[in-house]
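Me: Please take me through the strand pairing and the cysteines of this protein, one question at a time.

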Amino acid sequence: MERVIVVGGGLAGVRAVEALRSKGYEGALTLVSAERHRPYDRPPLSKAVLAGESDDTTVDADWDALRCELLLGERATGLRLDGPGRGGTVASTAGDLPFDGLVIATGAAPITLPGEGRQHVLRTIDEARDLRARLTAGARIVIVGAGWIGAEVATAAARRGCAVTVVEAADTPLAGAIGPEVGALTAPWYAEAGVELRTGVKVAEVRDGGLVLAGGGRVDADEVVVGVGVRPVLSWLEGSGLLLERGVVTDGSFRTYMGEETPGALRPDVVAVGDCAAWWSHRYGRRLLVEHWDAALNAPEVAAAALLGQDAVYDAAPYFWSEQFGRMVQYAGDHSASERLVRRGDPSDPRWAVAWLTGDRLDAILTVGRPRDLVQARRVIAAGTPVDPEAIADPDVPVRQAVRAERSEGT
């Protein structure tokens, strides 16, 4: 392999570059990024940047030592593949870029709402800086979506003295992410912060001066922020022959597949990683599309190894965190197929958690102000060791001590 192209200038892209070099790749290396900035971290955009505590989240990478050509402000527009394992060409605004190894790390783009009114999304550093300048005392800020991003923007806006309203189509915050039962436990946080939360309200369109609601009515606003999710950036891959379903379909090593013409055929010379990759999880027996920082940080190590023909499989349990209304909220695992929910502490207290179980297996945990629970639970989830459901429900029992010793020792 003599020439590798990395398409995407987010965290997954830069980590792929670093991993390729650390694993001994000595050939030509180019990173193509639609943004004009050097790769930077996105989680601080809705936290420290909006709060005015930071203005630069650039990833600390030694580009000279990495010997990587940076094509900033350039966009991939198409992909032409040669025969199996023979590379191809990335069409871009900088011209055609031939390769014999390709890393697809184009991430995801925010979903926007219908209407001609101005609406802000929060995905880039420029968008964060622009929105921050508009979060002035007394400004009427309306946020559509009470998910992770919506709550974090509401937190920053309220702290800056804005009059904040959050509009959510579901009946509770975070219903899609953690379910309505647990999401409902976070609803009181909005009122405590002086934020109006309106659930069960659907938006028809964004107009100048605010929102038009489905079924009539409107919500007036000086600024509208939309945080209703993202979609993988895939348009430039249409017609390439790669299998695309919600994201770029990959195996557990992030190697891509061909689509209809040669269904099921692997393309080991093309890997996809980060927010755009729908990868096979042996742990959960299905494909996962994990749009979180932890995966973008760690998965490229496996993708780079696979591209270089090395054996590696990624099967980490998902993990993410959010800072909202003065609380640190962390989640690990996957509860989508869990049998039951167990509360660990009183949600009216500042520190509590909930755990999802299937039998005596810990599937997932959400913690509020209990970082030690989160760290220990991640280890238990990763190992698959059974737990005592009664012990896991007792907030005074450390998670590591809730493990069933007799089962974990194979007796």
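**Strands and cysteines**

Reply: In strand β5 (residues 88-92), 5 bridges make the connection to β6, and the two run antiparallel. This is a predicted model, in which local features need pLDDT of at least 70, side-chain atom pairs count only at pLDDT 80 or more, and totals for chains, interfaces and linings use all residues. Residues are numbered from 1 along each chain as its sequence is written, and side-chain values use heavy atoms, with hydrogens and water left out.

Me: Which residue in β6 stands opposite G88?

Reply: Strands here are DSSP runs of E of at least two residues, numbered from the N terminus, and two strands pair if DSSP finds at least two bridges between them. In β6, the residue opposite G88 is F99.

Me: Which are the edge strands of the open sheet with the order β4-β5-β6?

Reply: This sheet has 3 strands with antiparallel pairing. The strands that pair on one side only are β4 (76-81) and β6 (95-99).

Me: How many bridges join β12 to strand β13?

Reply: Strand β13 covers residues 210-213 and runs antiparallel to β12, and R207 stands opposite G210 in β13. The number of bridges joining β12 to β13 is 4.

Me: Why is C68 without a disulfide bond?

Reply: A disulfide is a pair of cysteine sulfur atoms within 2.5 Å, and by this rule the count is 0 disulfides. C68 is buried (under 20% relative accessible area, with exposed over 50%, partly exposed in between, 1.4 Å probe, protein chains only), at 10% relative accessibility. The closest cysteine sulfur, in C276, is too far from that of C68 for a bond, at 17 Å.
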